[in-house]
Amino acid sequence: ADTVSLTIVHPATSLTVTPTLSTVWIGATQQFAATVRDSVNALLTDRAVVWSSSNASVATVSATGLVT
């Protein structure tokens, strides 16, 4: 018999980054965290968050959200 496989993915509708506002002084670091939720506010732990800096000469950010 033939079979069909179906994967349903809930779309992310909310992304919250904490802390929401931060000043990172020269030589210091700041850890940021992202929370992804769907339309019924369920936590989506299987979603990848990609961190980046728009100006790496001012600040860099690691794959885990650590800003230096």
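**Figure 1. Four strands in a row.** Strands here are DSSP runs of E that hold at least two residues, and they are numbered from the N terminus. With that in hand, start at the N terminus of this predicted model and follow the chain: the elements run β-β-β-β. So how many helices and strands does the protein have? The tally is 0 helices and 4 strands.

**Figure 2. A spread-out chain.** The radius of gyration of the protein is 17 Å, while the globule rule gives 11 Å for 68 residues, so the protein is more spread out than a compact globule. Along its principal axes, the C-alpha trace spans about 65 × 25 × 15 Å.

**Figure 3. Surface and contacts.** What share of the 68 residues counts as buried? Just 9% of them do. The protein has an accessible surface of about 5600 Å², and carbon and sulfur atoms account for 57% of that area. Now for who touches whom: take the contacts with a separation of 6 or more, and 38% of them link residues 24 or more positions apart.

**Figure 4. Zooming in on Asp46 and Arg47.** Side chains of opposite charge can pair when their charged atoms come close. Searching the whole structure turns up 1 salt bridge, and here are its partners: the side chains of Asp46 and Arg47 meet at 3.1 Å, N to O.

**Figure 5. How open are the two partners?** Asp46 has 60% relative accessibility, so it counts as exposed, because exposed means over 50%. Arg47 is at 24% relative accessibility and therefore counts as partly exposed.

Definitions and conventions:
Residues are numbered from 1 along each chain as its sequence is written. This is a predicted model: local features need pLDDT of at least 70, side-chain atom pairs count only at pLDDT 80 or more; totals for chains, interfaces and linings use all residues. Side-chain values use heavy atoms; hydrogens and water are left out. A salt bridge is a side-chain nitrogen of Lys or Arg within 4 Å of a carboxyl oxygen of Asp or Glu. Buried means under 20% relative accessible area, exposed over 50%, partly exposed in between (1.4 Å probe, protein chains only). The radius of gyration is taken over C-alpha atoms; the globule rule is 2.2 Å times the number of residues to the power 0.38. Contact means heavy atoms within 4.5 Å. Accessible areas come from the Shrake-Rupley method with a 1.4 Å probe; for residues, only the protein chains shown count as cover.
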